[in-house]
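Student: I have a structure here that I'd like to go through. Can you take my questions as they come?
Tutor: Go ahead and put it up.

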Amino acid sequence: MADMTVHAVHGEHPPGFAHQFEDMEQQREAGNLGMWLFLATEVMFFGGLFMSYIVYRTKYPGAFADGSRLLNVKFGAVNTAVLIASSLTMAMAIHSAQTGKKKPQVWYLILTMILGALFLFLKFNFEWRADYHEHLIPGFGFYVRPEWGGGGAHVQMFFLFYFFMTGLHALHMIVGIGILTVLTVMAARGRFYEQYYAPLESSGLYWHFVDIIWIFLFPLLYLAGGRYPIPGVTH
Amino acid sequence: MSSTATVDNLEIPAESRLNYLNASYGIKSWLLTTDHKRIALLYLVSITFMFLVGGVAATLMRLHLIEPQGALVDPETYNRLFSIHGIVMVFFFLVPSIPATLGNFLVPMMIGARDVAFPKLNLMSWYIYITGAAFTLYAAVTGGVDTGWTFYTPFSSNYSHSAVIPVALGVFITGFSSILTGLNFIVTIHKMRAPGMTWFRLPLFIWAMYATSIIFILGTPVIAITLFLLGLERLLHIGIFDPAVGGDPLLFQHLFWFYSHPAVYIMILPGMGVISELITAFSRKRIFGYSFVAFSSMAIAVISFLVWGHHMFVTGQSVYAGLVFSVLSFLVAIPSAVKVFNWTATLYKGSISYQAPMLYALGFIGLFTMGGLTGLFLASLAVDVHLNGTYFVVAHFHYIMVGGAVMAYMGGLHFWWPKITGRLYPDAWARFSALVIFVGFNLTFFPQFVMGYLGMPRRYAVYPPEFQVLNVMSSAGASVLAVGYVIPLVYFIWSMRYGPPAGPNPWGAKGLEWETPSPPPTENFEEIPIVTEEAYNYPQLPEVARG
Amino acid sequence: MTGLLQTGATAMGAVWTAFPELHPPAASSIAQGVDKLYFFLTLITLFFTALIFGTIFYFMIRYRRRKEDELAGGPHEHLPLELTWTIIPTLICVVIFIWASFLYVRNSRPPKASMDIFVIGKQWMWHIEHPEGVREINELHVPVNTPVRIIMTSQDVIHDFYIPAFRVKKDALPGRYTSLWFEATEVGTYHFYCAQYCGTDHSKMIGWVYVMNPTDYAAWLAGGSKTESMADAGEKLFTRYACATCHLSDGSGRGPSLVGLFGKPEKLLTGESRVVDESLLRQAISVPNSVRLSNFPPIMPSYQGQINEEQLLQLISYIKSLGSEERKTSGK
């Protein structure tokens with residue numbers, strides 16, 4: 001390369017340093033800003049869905065409440081706790097890296113992955129499977145129950161939003177677990193230390209963001225119906 | 001500015017000096033490059049191809065419309081032609097045009113950086129673009145799509161018998177390439193500026209790219225999710241956009257225009273940035289009202305998110321919503337007007353020369369002025385009721401997108417071509433083609449304003465005979481325009497091999513990109529420059545000396 | 001400056017009248033108002049285009065580079081100028097906005113007494129029905145100097161009903177009613193178009209408006225191939241679907257009485273107060289539970305999918321006619 005002289009000016013390469021940056025600090029800041037911008041994009045991405053959900057929830061409050069009551073609040077609540085716990089372990093992993101502790105770093109990352117996997121297990125194995133048996137999958141043999149009156153199509157619309165939003169969220173979880181796997185291997189090899197933990201930090205931002213999305217999804221989807229049908233509000 | 005490249009270095013002929021073009025050879029060195037300049041060239045080739053595809057569709061349309069009953073194809077085919085013209089030109093040419101080619105090439109160089117912040121992401125965004133384009137082209141070739149580029153529901157979701165899903169998927173995928181480009185630019189501009197390059201020393205092209213990037217990252221995800229919902233609806237018929245099952249077809253329009261109106265500014269803002277560079281370089285002057293030009297870009301980016309409803313004045317939208325969207329649409333016109341006045345004022349007492357890039361720039365100002373002013377017609381509620389959905393709208397947005405964005409893109413390409421390739425093109429030919437494009441453009445699109453006020457709706461494969469004269473005029477202009485676009489293609493390719501060496505700064509322009517050899521070395525600068533002065537600081541006569 | 005503007009305006013006006021090919025005929029009560037604003041906007045456009053082009057050309061010649069090493073001069077900032085060319089365009093925009101909005105608000109309010117004509121758009125034709133029961137396809141006959149309200153919907157995709165000579169346009173949306181109104185002022189024949197792309201034969205979804213003298217119009221109505229009025233057809237449907245089982249006219253039924261209901265504000269169960277219009281009736285028939293009145297049980301079934309758009313309009317016409325003097329005396 002013609003430009004080796006350039007680096008000579010900036011001294012030795014620390015591990016993990018990319019050539020286009022001036023120094024480690026610049027690289028870390030760039031990485032973090034990049035992740036924040038990516039999350040802004042994600043907010044708008046989910047935002048379109050939330051907007052559509054709100055439009056139809058306002059239009060068909062009864063049907064959406066009927067749909068919501070068919071969801072399993074217990075699993076939803078447990079999963080919320082699981083995710084919040086995983087955010088804590090993620091934060092602890094970053095803290096361990098910042099303080100240069102390698103072993104806890106790896107363990108916290110593994111714990112985070114386990115909690116993430118637990119979430120997906122509960123979601124897919126119990127909730128979605130039950131929905132399948134109860135014929136609640138929109139477009140695939142969706143069964144319109146007589147108690148919904150004329151609102152069957154709108155309950156189905158609720159379930160479309162439910163599966164789309166939680167599915168998209170689950171996809172983000174799966175991607176997150178993939179990233180965590182790579183990070184765990186890197187952490188086990190001692191790549192992260194007091195001066196270099198940027199990948200861990202920005203992945204942490206991503207993980208927390210995915211949690212926050214769930215914090216919005218849980219009340220919107222699971223708690224929209226209340227315990228009993230609302231008198232006067234119909235399909 | 002403190003020049004860092006030594007004089008000896010600049011005088012070595014381009015052929016024998018190591019630069020980004022000859023640093024490595026072979027297909028692989030291009031397809032796996034992370035150099036922002038090479039990625040810019042990959043984009044340049046791809047979008048030029050897409051421009052030709054869209055251009056061929058447009059040519060066929062104009063030929064067809066010579067006769068009221070249609071001279072060439074059946075309505076079914078005509079609908080596919082205008083759809084593919086719109087989709088290809090908007091999503092695969094105009095949106096990436098300046099940002100992905102000139103932006104990719106120039107953003108790091110203008111701020112004194114070795115590359116963008118995330119070079120691998122940059123390459124990935126090109127691959128995403130190519131994947132999306134492949135989907136769309138495949139669908140266009142095998143089945144075609146007849147929804148128009150707007151994909152309005154419930155036609156697209158429940159009634160169209162064409163390849164809506166593959167095309168929408170292509171657009172969906174390509175959206176992510178825009179997002180990644182925007183993200184890369186914002187981080188690069190924030191974090192990678194050379195020492196001394198403060199925000200208010202940035203070239204205005206950078207401000208424009210920054211504003212554009214904001215729209216990229218905040219707008220594009222919304223169109224992505226909207227097209228995803230459209231695909232779901234088409235597959236499953238749940239009724240999100242289908243009124244027969246309680247859905248709302250207008251929700252699609254709201255979501256669509258929430259992106260697609262800001263997208264108009266994705267297309268024009270970078271063009272405005274280019275013009276600021278050209279006007280200053282060819283009048284050897286600092287830009288008039290730097291901060292006004294810079295902040296007007298930001299104002300446009302912000303307000304552009306609040307005006308989408310003006311596409312929906314005749315949908316039965318409430319009168320009050322109409323009033324709000326109307327006043328906001330007028331508001332977004334102000335920063336554009338401010339820019340035009342500042343560019344004009346920059347010429348005052350300048351030392352103006354008329355090489356090809358400057359002719360494009362002046363053409364831009366004129367055509368953009370007309371495009372912008374005719375926008376006022378469409379923001380005016382009572383008049384829009386009459387003009388909405390007619391050829392007036394077609395003429396208006398072509399004045400902005402072709403007269404504006406494409407003129408700026410051509411001007412920028414001519415301006416930085418010597419930097420990109422290290423070669424000069426024949427300026428006389430370039431000036432001639434600029435003139436041909438200007439004349440051809442006006443001939444094509446001016447008659448469409450009249451056609452629109454007379455009431456001819458757009459997207460008509462056949463039309464009442466009273467519109468024939470105007471249509472023939474428009475088609476004649478289109479053939480002139482087509483010639484105007486082919487000439488540069490020829491001399492650009494010619495210049496790559498036979499053009500005389502350009503030297504580092506053929507125009508005597510200011511800016512960090514001109515302080516490095518042409519073509520630049522892989523890492524742009526021998527040493528990162530230190531910036532000590534403001535943008536466009538051309539040496540100037542003292543006020544009194546020049547009567 | 002004002003002199004120049006005046007001359008420009010006069011010249012433009014002369015061009016306007018000399019070349020009728022440049023604008024469509026103005027054949028409705030609102031057309032001239034819209035034309036005036038359009039004319040003003042064209043003037044503004046010409047003025048600023050001339051200003052920008054003229055200034056650029058002048059600078060191009062005056063300040064062309066004469067020597068290779070020539071230096072430029074002149075200021076690069078001037079706050080008063082910046083403010084001037086920010087504030088003046090803003091003021092012009094405010095003027096246009098106010099003018100256009102007043103016109104729009106006025107143009108979108110139909111006069112109290114108007115004749116209703118129903119339009120159903122479908123791929124790819126316009127189905128038009130007069131209250132008297134006369135049906136037409138891609139043709140619309142209206143009397144001159146009479147306010148006409150077009151109530152429209154679509155059977156499939158979004159269409160748009162556009163009469164350039166009247167300067168009116170509105171989307172015809174599936175699943176709901178939209179409306180526009182006009183008062184034709186010139187007897188004659190004018191184009192109407194579909195102005196929202198709707199598929200293969202979008203460009204063939206066009207037709208003619210025939211503006212006729214009232215007497216001619218009456219003669220045309222009488223000679224039309226009508227079977228029965230829309231309200232009469234609606235009455236039959238009312239019987240066929242056994243609506244009267246619940247909607248008793250004295251209010252003692254399980255559903256509200258429909259006599260004299262139309263045009264009055266009603267308080268809904270949700271607390272919202274809405275005037276009973278075509279849209280509300282449409283909603284009540286297709287999604288009954290979304291617009292319940294407080295003192296009735298939610299027992300009405302949905303008729304969505306059972307009756308088509310035309311029948312729906314006939315039913316609504318019948319309900320509208322209930323309580324009007326005409327129908328009371330006709331023995332209902």
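Tutor: One term to begin with: two residues are in contact if their C-beta atoms, placed from the backbone, lie within 7 Å. Also, this is a predicted model.

Student: Fine. How many residues of chain B are in contact with chain C, and with how many there?
Tutor: On the chain B side 79 residues take part, and they are in contact with 70 residues of chain C.

Student: Which element gives the largest share of that side of chain B?
Tutor: That is α11(B), with 15 residues. Other elements that give two or more residues include α4 (75–111), α9 (249–283) and α15 (427–454) of chain B.

Student: And what is that side made of, by class?
Tutor: The side of chain B that touches chain C has 48 nonpolar, 23 polar and eight charged residues.

Student: Back up to chain B as a whole. How many helices and strands?
Tutor: Chain B has 16 helices and zero strands.

Student: What does its radius of gyration say?
Tutor: The value for chain B is 23 Å, which agrees with a compact globule, because 547 residues in such a globule would give a radius near 24 Å. Along the principal axes, the C-alpha atoms of chain B fill a box of roughly 75 × 55 × 45 Å.

Student: What share of chain B is buried?
Tutor: Buried residues are 68% of the 547 in chain B. As for contacts in chain B between residues at least 6 apart in sequence, 85% join residues at least 24 apart.

Student: Which residues touch the most others in the largest nonpolar core?
Tutor: B:Ile111, B:Ile206 and B:Ile275, in a core of 333 residues. The largest share of this core comes from α4(B), with 22 residues.

Student: Take B:Ile275. What does it touch further along the sequence?
Tutor: Leaving out residues up to four places away in sequence, B:Ile275 touches B:Trp343, B:Ala361, B:Phe364, B:Ile365 and B:Ala408.

Student: New topic: the sheet in chain C. What is the strand order?
Tutor: β4-β10-β9-β6-β7, an open sheet of five strands with mixed pairing. Its edge strands are β4 (139–143) and β7 (168–172) of chain C. On average, neighbouring strands are turned by 20° against each other, direction ignored.

Student: How do β6 and β7 run, parallel or antiparallel?
Tutor: Antiparallel, with five bridges joining β6 (residues 159–163) of chain C to β7(C). In β7(C), C:Lys170 is the bridge partner of C:Phe161.

Student: Which strands does helix α4 of chain C lie across?
Tutor: Helix α4 (residues 214–223) of chain C lies across β4 and β10 (207–212) of chain C, at about 130° to β4(C).

Definitions and conventions:
Residues are numbered from 1 along each chain as its sequence is written. Chains are lettered from A and ligands numbered from 1 in the order in which they are written. This is a predicted model: local features need pLDDT of at least 70, side-chain atom pairs count only at pLDDT 80 or more; totals for chains, interfaces and linings use all residues. Two strands pair if DSSP finds at least two bridges between them. Helices (H or I, at least four residues) and strands (E, at least two) are DSSP runs, numbered from the N terminus. Axes are lines fitted to C-alpha atoms, for helices over the stretch in contact, and angles run from 0 to 180 degrees between N-to-C directions. Ala, Val, Leu, Ile, Met, Phe, Trp, Tyr, Cys and Pro count as nonpolar, Asp, Glu, Lys and Arg as charged, and the others, Gly among them, as polar. A nonpolar core is a set of buried Ala, Val, Leu, Ile, Met, Phe, Trp, Tyr and Cys residues joined through C-beta atoms within 7 Å. A residue is buried if 20 or more other C-beta atoms lie within 10 Å of its own, exposed if 12 or fewer, and partly exposed in between; C-beta atoms are placed from the backbone. The radius of gyration is taken over C-alpha atoms; the globule rule is 2.2 Å times the number of residues to the power 0.38.
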